[in-house]
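The report below concerns the packing of a single chain, beginning with its nonpolar interior and ending with its overall composition.

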Amino acid sequence: MIKILILCKKSETSKSLVNYVISKISILRLVGIANTQTEALKILEEQKPNLIISTDKNILLLVKHNFKHYTPGIILLSKKLEEPQFFYRSLLILQYNLDFDIMIRKIRNFITDNFSISKKEQIRKILSEIGFNLKLSGTMYLIDSILYTNTYRSGYSFEKLEKDIYSYIAQKNNSTPKRIKWAIERAINYMYQKQTEDTYYYIEKYFAIEYPQKPTAKLIINTLASIINL
C-alpha cells in the first residue's frame, strides 16, 4: 500500500479528493488530512507518507526545508500549471478543476512511474540523479553493495567495509576486494568531477553535505541502503 497525505486549506476540497479520487485507487491508504502546513508537518514526521496531494504550492518548500533523506511523491493541484522554483524529483502538477476520472488516470500513471519499481531500479535512478555513470564497473559494484547492505543491514559492519561488503561483491564478480574498492572510488571520483548544480542538489539532499565535500563510499552505501523502499 502507498500511504498518502492530503493537504488542502479547504475541507471541502479534501472531502472531494477522498470521495472521488483516493477511494477509487485501491493501492492508496489515507494516513492524514491537513488544513495547514503545521498539521501537515506533524503527519509527515509521524507517518512518513509515500505520497502527498495538495493545493498548497509551498508543500515543496515544506518538504525541502524539513527533511534531508525523505522525498515523497507530490501531486500539486494548481490553478496555474507553473513549474516550481526548483527541481523536485517526483512531482506531478495537475489542473485544480480537472475532471476526476482524468485525475485518477494521471495519478495512477504517476504511481506506476514512481513507485512500481524494484530496489535495483530505485538505486539506479538515485545514482543517475547524483551524476554517476551507470556504465562504469564501479557504479555496478556500488549498486550491488547497496543491495547487499539493504538486505543484511543487521549483519554488516561499516567499520570493516572492505571485509564485510567488498569481499562479497568480489566473490560475486570473480575479483578481489581491493579491485572492487578501487573501481567504486574511481566511479565516485568520476561522478564528483562531472558535478553540475542540479546533481549536487541531490548530493546535498541525500547525504547532508555541502560543496565541495565529496561523499565517501561508506556514506553512499549506508545512506542509500537505509532509504530505498522495503
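In this predicted model, the largest nonpolar core (buried Ala, Val, Leu, Ile, Met, Phe, Trp, Tyr and Cys residues joined through side-chain atoms within 4.5 Å) has 52 residues, and those with the most contacts inside it are Ile59, Leu127, Ile130, Phe132 and Ile220. Buried here means under 20% relative accessible area, exposed over 50% and partly exposed in between, with a 1.4 Å probe and protein chains only. Isoleucine 59 is in contact (heavy atoms within 4.5 Å) with Leu7, Gln37, Ile52, Ser54, Ile74 and Leu76, once its neighbours within four places in sequence are left aside. A second, separate core of 22 residues includes Ile22, Ile75, Leu77 and Leu92.

Leu92 also belongs to strand E5 (residues 91–95), where Leu92 and Leu94 point to one face and are buried, while Leu91, Ile93 and Gln95 point to the other and are not. Strand E4 (residues 73–78) runs parallel to E5 and is joined to E5 by five bridges, with leucine 76 standing opposite isoleucine 93.

The values for the chain are as follows.

| Property | Value |
|---|---|
| Buried share of the 230 residues | 45% |
| Box filled by the C-alpha atoms, along the principal axes | roughly 60 × 35 × 30 Å |
| Share of contacts with a separation of 6 or more that join residues 24 or more positions apart | 56% |

Residues are numbered from 1 along each chain as its sequence is written. Because the model is predicted, local features need pLDDT of at least 70 and side-chain atom pairs count only at pLDDT 80 or more, whereas totals for chains, interfaces and linings use all residues, and side-chain values use heavy atoms, leaving out hydrogens and water.

Methods
Helices (H or I, at least four residues) and strands (E, at least two) are DSSP runs, numbered from the N terminus. Two strands pair if DSSP finds at least two bridges between them.
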